[in-house]
Amino acid sequence: MFVLWPTLVVLSKSIDRASLFHVLSNSQLRQMLWFTTWQAVLSTIGTLAIGLPAALVLSRYSFKLRQMIRALTFVPFVLPTIVVGIAFASLAPTHYKSGPLPLILAHIYLNIAVVVRIVGNRWEKLPTAFNESASLLGARPFTNFRTITFPLLRNSIIGASGIVFVFCFSTYGAARVLAGPRFPTIETEIYRYAFYIGNMSQASALVVWQLLVILLVLALTYRQKNIFLSQRTLTPLSCERRNKRLAYFVCSSLVALVTLLPIVILFFSSVHSTQGFTLSHWQAGELWTSFLTSLSIALVATLLALFFGCSSAFAIAYSTQVKYQRMMQSLTSLPIVISAVALGLGYLLAFRSSPMNWRGSFWLLPIAHSAVALPFVVRIITPAAQEIQPELRENALLLGANPWKVWTSIDLPCLLRPIAVAASFAFSISLGEFGASSLLTRNGHQTLAMRIGQLLSRPGELLQKQAIASSCLLAFSCIAIALTVEYAMPLIRHKGKL
Amino acid sequence: MTSPFLEISQLSFRVPGNALPIFDQLSLDVAEREIVAILGPSGSGKSSLLRTVCGLHSPSNGSITLRGTDITNSAPHQRNIGMVFQGTFLFPHLTVGENIAYGLKMKQFSKESRKQRVDEMLNLVHLANFSNRDVSHLSGGEAARVAIARALAPSPQILLLDEPLTGLDEQLRVDLAKDLREALTASHITSILVTHDRNEAAIIADRIVRFADLILPT
């Protein structure tokens, strides 16, 4: 109801053919559509160019601090896009504060983790014996990669490219800060038409075009068949040559440093004014009020996302009917296909008349956030639930456990970590959510991300610095959550009870 | 006195960061066209020896000479040494024929000669008409035969076999061992087999040595 219904309402509003074709006939909108597409294509190529070597080194080789460096490369993915936008705007030289270049660089930064995770997960399962056999049969290193490694990774590279393109095509926060008024993207235009101009039908028409491009890209990059390699992750190779080990360590440390650099620079900027060191930007009362609002909304959104996400994931994992599994997977993936701003617009249009006039309700925002987080929760928990061997449950049943006991004693312990990871994702997504919040936030319930947006839209160094301090607070919260799950979860040990 | 076809002299290998070597001061001579089986328990370092000979591991000491040429520091793809891995590891995205033709392609054989050689190899391992099969549809025995054919196809100077029949049932192992012996003799190829199965070694090899006997006593 909170995903499909708003989507259908947006689609029905755009059946107005004039608005739909106006996008193509209007040269400004056509240009905007073209810019959104080519910046997304370049961002995807750039992400692959950096992400693939990083995935290779981090998934295949063992070296000092590998685990920590790998965890650091995932930091940008949990950062709110508006924070990354502000970080890149502060880092860039004066003439490059906005425009295509900083936007593309920010997109690359945000999405490297997607490539490292998707392609790296597959690379970890690729037995080295394939490459070794090819090498012994005469293949030089590049031929070896071209004829063996690439074909076996192709589907995951194509899949990751599709997802990165979709994210770059529909990010709002980074585009709003970095694209600038000369280079609007489809997402910023949807917001402008809906919020500033009040032309809902034109905004809906843009949503439809956005949806069409995203669906086309996902259809082109979707690969059903993936050659089975191995279920288990293979032990990373230890390099025999010391200088090679050192090179891997240095290169991957550089990647990790680059991921942290924007945050560090943001922090120093937030405690520095023309008079020198100051904490005044961190002491604004609204900062902490907005932060508390964000935390409470994120908590409710996480609980909702976990409830709906776990239910959907279990329904997919435990179902034996492929058709039902596919239907559930498609439904829960909708919030990836339909962008956050479009979802917010759907909420505005769907819940504005009695008996569903909920536009001013406090709880609509956490629901919208949980809808945005839903696909991530489902995608993290479903494979983990599917990996539990049925024989384990059968054994427990034969040993006298009832179905509930089987679930709590077999499934749940195996799923604790994925559930915690999913919860941290949902919490971070809600904390930094900006697209849907921009359209749904009402007075008195301003989130931290919304506060950043408002501060940035007003001139003055003080307000800009307060926006930077707010961005730091968001970034630190997201990093703290990710690190807590990464390092605290392994400490939870099952206590033996006989 | 003629020098041996393959001469492994005082070879040592240690995993980086480990104080103890996997094997130390190991020496072995193999004559041309000879099939030598190295017997030893699991974990003794037999596979590491083969990986060092073919260049997948770098030795910490010692030398390897093939036909009088020192290959100790050559890259694996320059050594012209074939290897059959434990677990076969056929390329899963290629058909049986494409797997066998892979090494021929790397040596830039023409399309016709590749096809001819693939058919020849498939006949040698008794799998004629398997060329277009998907490797995921092969049984364990068939996969082992294809792995042997793939390694033999580019006519390597020497073939290394790392427990190639592991995981197959007893009768199949005996049958395959006989076929393997036949294929190796027909190809006139110098080979080193490592195994922990004395029967398998007896069927395939001309000479059996114990791994422990190759290492210089300290």
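This report describes strands, a helix and a chain contact in a predicted model.

**The parallel strands of chain B**

Strand E8 of chain B, which covers residues 190-195, is mostly covered, since six of its six residues are buried. From E8(B), the residues B:Thr190, B:Ile192 and B:Val194 point one way, while B:Ser191, B:Leu193 and B:Thr195 point the other way, and all are buried. Strands of a sheet pair through backbone hydrogen bonds, and the pairing can be either parallel or antiparallel. Strand E3 of chain B, residues 35-39, is joined to E8(B) by five bridges, and the two run parallel. Along this pairing, B:Val36 stands opposite B:Ile192 in E8(B), and B:Ile38 stands opposite B:Val194 in E8(B).

Strand E7 of chain B, residues 158-162, also runs parallel to E8(B), to which it is joined by five bridges, and here B:Leu159 is found opposite B:Ser191 in E8(B). Between E7(B) and E8(B) the chain crosses through helix H5 of chain B, residues 170-186, and this β-α-β crossover is right-handed.

Is strand E3(B) enclosed by the rest of the structure or open to its surroundings? Five of the five residues of E3(B) are buried, so this strand is largely enclosed by the rest of the structure. Its side chains are divided between two directions, with B:Ile35, B:Ala37 and B:Leu39 pointing one way from E3(B) and B:Val36 and B:Ile38 pointing the other way, and all are buried. E3(B) is joined as well to strand E9 of chain B, residues 207-210, by four bridges, and these strands run parallel; B:Ile38 stands opposite B:Val209 in E9(B).

**The antiparallel sheet of chain B**

Chain B also has an open sheet of four strands in the order E2-E1-E4-E5, and the pairing in this sheet is antiparallel. Its edge strands are E2 (23-30) and E5 (69-70) of chain B, each of which pairs on one side only. Within the sheet, strand E1 (residues 6-13) and strand E4 (residues 61-66) of chain B pair in the antiparallel sense over five bridges, and B:Ile8 stands opposite B:Ile64 in E4(B).

**Two residues with positive phi**

The table sets out two residues of chain B that have a positive phi although they are not glycines.

| Residue | Phi | Place | C-beta atoms of other residues within 10 Å |
|---|---|---|---|
| B:Gln25 | about 55 degrees | strand E2 of chain B | 16 C-beta atoms |
| B:Asn129 | about 70 degrees | loop between helix H3 (111-124) and helix H4 (140-152) of chain B | 10 C-beta atoms |

With these neighbours, B:Gln25 is partly exposed, whereas B:Asn129 counts as exposed.

**The helix of chain A and the contact with chain B**

In chain A, helix H3 is made up of 34 residues (residues 27-60), and at 1.5 Å a residue it should span 50 Å; the end C-alpha atoms are 48 Å apart, which agrees with that expectation. H3(A) has a kink of about 25 degrees at A:Gly51, shortly before the proline A:Pro53.

How many residues does each chain bring to the contact? Chain B gives 22 residues and chain A gives 19 residues. On the side of chain B that touches chain A, strand E6 (81-84) and helix H2 (96-106) of chain B each supply at least two residues. By class, this side of chain B has 14 nonpolar, seven polar and one charged residues.

Key. Residues are numbered from 1 along each chain as its sequence is written. Chains are lettered from A and ligands numbered from 1 in the order in which they are written. This is a predicted model: local features need pLDDT of at least 70, side-chain atom pairs count only at pLDDT 80 or more; totals for chains, interfaces and linings use all residues. A residue is buried if 20 or more other C-beta atoms lie within 10 Å of its own, exposed if 12 or fewer, and partly exposed in between; C-beta atoms are placed from the backbone. Two strands pair if DSSP finds at least two bridges between them. A crossover is right-handed if, with the strands pointing away from the viewer, the path from the first strand over the helix to the second runs clockwise. Two residues are in contact if their C-beta atoms, placed from the backbone, lie within 7 Å. Ala, Val, Leu, Ile, Met, Phe, Trp, Tyr, Cys and Pro count as nonpolar, Asp, Glu, Lys and Arg as charged, and the others, Gly among them, as polar. The expected span of a helix is 1.5 Å times one less than its number of residues. The bend at a residue is the angle between axes fitted to the seven residues ending there and the seven starting there.
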